[in-house]
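Visitor: I am new to this structure. Please pick one part for a close look, and then lead me on from there.

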Amino acid sequence: MDPVDLALVLALDGSASVTFDEFNLIAGGIGAAFRDGAIIAGLTGGPARASLACLLLWSGAGAQDVMIDWTRIAGAADAADFAVGVENVPRTVAAGATAIGEALLAAEALLAAAPATAARRVVNVIGDGRSNEGISPAPVRDRLAAAGVTINGLCILHEEPDLLDSYTAEVIGGVGAFAVICQDYPDFAEAIRRKLSREIIA
């Protein structure tokens with residue numbers, strides 16, 4: 001496959017703190033973002049004219065599923081197909097604890113298996129709680145950052161108002177890394193749109 005400008009792992013929290021209604025709001029928000037003209041332009045407007053994206057669902061230790069494998073996005077039709085896949089994704093992982101370190105390990109494996117060379121590699125960790133099971137996220141974050149990967153975060157604060165502090169200390173890293181917040185799930189769609197705009201264009 002020809003090289004791409006960006007390889008993006010969307011790592012989505014499916015742990016017990018996320019209800020089914022909240023999960024649907026997340027999936028719908030991501031789907032809407034991939035139909036946004038500015039997002040599509042960012043994914044396809046670089047020198048390679050294309051990006052890769054995949055969707056990883058995670059919860060506790062040993063509970064990570066690749067729900068949408070690497071998908072080449074080279075135009076609006078590709079982005080729309082990806083959006084439909086996200087919007088209809090089943091919740092296959094057990095609604096267990098929050099193992100962000102394990103999620104980052106799964107993202108690392110996905111990036112290693114990407115079907116094309118990418119100018120930038122980004123992991124987008126989306127969650128509503130701090131890591132409370134499995135390996136610590138910080139060492140995996142550090143290894144990924146040292147390999148040139150950027151890990152960004154989207155923190156949903158409805159249960160843990162100080163979650164941004166935890167993500168800043170343990171999760172995000174790499175060149176230009178950042179985390180954004182939304183207060184609760186109804187605010188998610190706008191938050192993910194802003195976040196994707198920022199990390200795709202970075």
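Guide: Let us start at R49, which sits in the loop between helix 2 (37-44) and strand 2 (51-58). Helices (H or I, at least four residues) and strands (E, at least two) are DSSP runs, numbered from the N terminus. Although R49 is not a glycine, its phi is positive, at about 65°. Most residues other than glycine have a negative phi. R49 counts as exposed, at 52% relative accessibility; exposed means over 50% relative accessible area, buried under 20%, and partly exposed in between (1.4 Å probe, protein chains only).

Before we move on, a word about the model. It is a predicted one, where local features need pLDDT of at least 70 and side-chain atom pairs count only at pLDDT 80 or more, while totals for chains, interfaces and linings use all residues. Residues are numbered from 1 along each chain as its sequence is written, and side-chain values use heavy atoms, leaving out hydrogens and water.

From this exposed arginine, we can turn to C54, which counts as buried at 0% relative accessibility. Its sulfur is 20 Å from the closest cysteine sulfur, that of C155, too far for a bond. C155 is also buried, at 0%, and its sulfur lies 8.7 Å from the closest cysteine sulfur, in C182, again too far for a bond. The structure has zero disulfides, a disulfide being a pair of cysteine sulfur atoms within 2.5 Å.

Now for the interior. A nonpolar core is a set of buried Ala, Val, Leu, Ile, Met, Phe, Trp, Tyr and Cys residues joined through side-chain atoms within 4.5 Å. The largest one has 39 residues, and I30, F34, L154, F188 and L196 have the most contacts inside it. Among the residues that L196 touches (heavy atoms within 4.5 Å), not counting those up to four places away in sequence, are L8, A33 and F34. Apart from this core lies another, of 30 residues, including L56 and I151.

I30 and A33 also appear among the buried residues of helix 1, together with F23 and I26. The 14 residues of helix 1 (residues 20-33) should span 20 Å, and its end C-alpha atoms are 20 Å apart, which agrees; the expected span is 1.5 Å times one less than the number of residues.

Charged pairs come next. The whole structure holds eight salt bridges, each a side-chain nitrogen of Lys or Arg within 4 Å of a carboxyl oxygen of Asp or Glu. One of them joins E87 and R35, with the closest N and O atoms 2.4 Å apart. E87 lies in helix 3 (residues 76-87) and R35 in the loop between helix 1 and helix 2, so this pair ties together parts that are 52 residues apart in sequence. E87 is partly exposed at 33%, and R35 is partly exposed at 40%. Another bridge links E190 with R194, at 3.7 Å; being four residues apart in helix 7 (residues 188-201), they are separated by about one helical turn.

Our last stop is a network of salt bridges that links R130, E160 and D162. E160 is placed in the loop between strand 5 (149-156) and helix 6 (163-170), and it touches D128, G129 and R130, not counting residues up to four places away in sequence.
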